[in-house]
Structure formats: structure tokens, C-alpha cells
Amino acid sequence: MSNEFKDWLDELKNAPDGSVDHNRWLCYKYPWLIPHNRWTDEEDPEYDYNYTELDSMPDGWRRTFGEQMCEEIQELLKEADWVDKYRILQIKEKFGSLRWYDSSVPESIRERLDKVIQKYEEISARTCFICGAPATKISMSWICPWCDKCAAEQEYEAFEPIEKYFKDQETPYADGATFRWVSIEPFGH
Ligand SMILES: [Zn+2]
């Protein structure tokens with residue numbers, strides 16, 4: 001890698017979060033963040049780096065752990081020589097935590113990849129989805145984790161302390177297991 005190229009990459013990397021330049025850096029590092037047509041698998045010929053797949057993640061989460069999560073996924077993809085074949089099906093928030101749906105990967109890394117995804121799904125449930133600070137409250141009309149500061153700005157929202165919320169969630173399970181979710185959900189929702 002020439003020095004000029006390296007300098008250019010550094011410049012992109014340090015560009016503001018969400019900018020076209022920073023997105024170029026993300027897509028250079030993690031090509032699977034380039035949106036592909038879900039049906040044809042084709043890249044949009046007009047794709048202009050105004051967004052990446054990672055933009056579907058709420059801002060607070062994306063800023064706090066989004067790139068770290070990509071890096072951990074990338075390590076496994078590299079190991080399996082799967083970087084160019086990996087696809088994001090959908091990234092979103094559901095019931096207050098991250099959902100990350102992806103394409104199939106080689107057996108040799110599936111279990112470890114699912115563990116990485118699950119780890120960040122659990123972290124997300126306790127991270128303010130607006131600003132990324134540790135969450136202290138859960139909003140009740142639309143289940144989401146909030147920090148005190150962001151929650152204080154929501155005049156009409158009802159909140160529950162996060163520990164109470166999680167405790168209530170666990171109660172129905174006699175075996176002590178916490179709620180869990182499946183990581184494969186092809187379309188919709
Ligand atoms: Zn916040």
C-alpha cells in the first residue's frame with residue numbers, strides 16, 4: 001500500500017461520522033456494508049456512499065459499537081475467506097434491542113459469528129439508542145433503551161427503570177433463562 005493511498009484512507013477514516021468520505025472508508029474496509037439489491041444481489045450502479053447498511057442501526061448504537069461490531073465480524077469473515085460473499089439482510093431495532101440478520105456463512109464460523117451478533121444485541125439493550133450512553137430507562141409505548149439525559153427531553157413518554165423492566169421480562173421463565181431471540185428472520189417485521 002503506497003503512503004499516499006494510506007494517507008488518503010486515514011483522511012476518509014477521520015472524516016465526520018455519517019459523511020460520504022467516512023462511508024467510503026467503511027465500505028473499503030467492510031465491503032458488505034455496501035447496499036445490495038436483496039433480490040438480485042446487484043449493487044446499485046448509482047450508489048454514491050450517502051449511506052451504508054450500518055445506517056439502519058440507531059445512531060447511539062452505531063456510534064458506540066457499530067464499527068467495533070463490524071470489525072469483529074470482519075475478523076471471522078477473513079478467516080473463512082467470506083468477506084466478499086457476506087451480505088446484510090437487515091439491521092434494525094426491535095423490542096428495544098438490535099437485530100442483525102445476515103446471509104449464510106461457512107459452518108466453521110457460524111457459531112462464533114452468532115455469538116458476536118448476540119453479544120452486541122445484548123449490549124444494545126442497555127445502551128441509549130439516541131446518544132449511546134449507558135441506558136437507565138426503557139420507554140413503554142415503544143420499547144427502547146434511554147439514558148437519563150435523553151429521556152428527560154421526552155415530555156410525553158412513560159419510562160420504567162431498566163433493571164425493573166429486565167427483571168419483569170425474566171419472571172415468566174421458571175428455568176431462569178432470560179428472553180432470547182432467533183437470528184434468522186428472512187423478511188418483514
Ligand atoms: Zn442518551
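Leaving aside neighbours within four places in sequence, with which residues is Glu-43 in contact? In this predicted model, the contacts of Glu-43 outside that window are with Ile-34 and His-36. Glu-43 itself belongs to the loop that runs between α2 (20–29) and α3 (59–79). The residue is classed as exposed because 12 C-beta neighbours are found inside 10 Å, and the class takes in residues with 12 or fewer.

Helix α4 spans residues 107–124 and contains 18 residues. The distance from its first C-alpha to its last is 26 Å, close to the 26 Å expected at 1.5 Å a residue. Within α4, Leu-113, Tyr-120 and Ser-124 are buried. Viewed down the helix axis, the buried residues of α4 fall within an arc of 50°, and they therefore line one face of the helix. An α-helix has 3.6 residues a turn, so residues three or four places apart point the same way. The cover over the buried residues of α4 includes α3 and β2. Glu-107, Glu-111 and Lys-115, on the other side of α4, are exposed.

Strand β2, which is part of that cover, occupies residues 97–102 and pairs with strand β1 (residues 88–94). The pairing is antiparallel and extends over six bridges. In this pairing Lys-94 stands opposite Ser-97 of β2. The two strands form a hairpin with two residues between them. Phe-95 in this hairpin adopts a positive phi near 50°.

A further set of strands makes up an open sheet of three strands, in the order β4-β3-β5 and with antiparallel pairing. The edge positions are held by β4 (144–146) and β5 (159–161); each has a single partner strand, so one side of each is left without a neighbour in the sheet. From one strand to the next, the twist averages 35°. Strand β3 (residues 137–139) is joined to β4 by three bridges in the antiparallel sense, and Ser-139 is placed opposite Cys-144 in β4. Helix α6, formed by residues 162–170, packs on this sheet and touches β3, β4 and β5. The direction of α6 makes an angle of about 85° with that of β5.

Technical notes
Residues numbered from 1 in each chain as written. Predicted model: local features only at pLDDT ≥ 70, side-chain atom pairs only at ≥ 80, totals over all residues. Pairing = 2+ DSSP bridges. Helix = DSSP H or I, 4+ residues; strand = E, 2+ residues; numbered from the N terminus. Buried ≥ 20, exposed ≤ 12 C-beta atoms within 10 Å, placed from the backbone. Contact = placed C-beta atoms within 7 Å. Axes fitted to C-alpha atoms, helices over the stretch in contact; angles between N-to-C directions. Expected span 1.5 Å × (residues − 1). Arc of directions from axis to C-beta.
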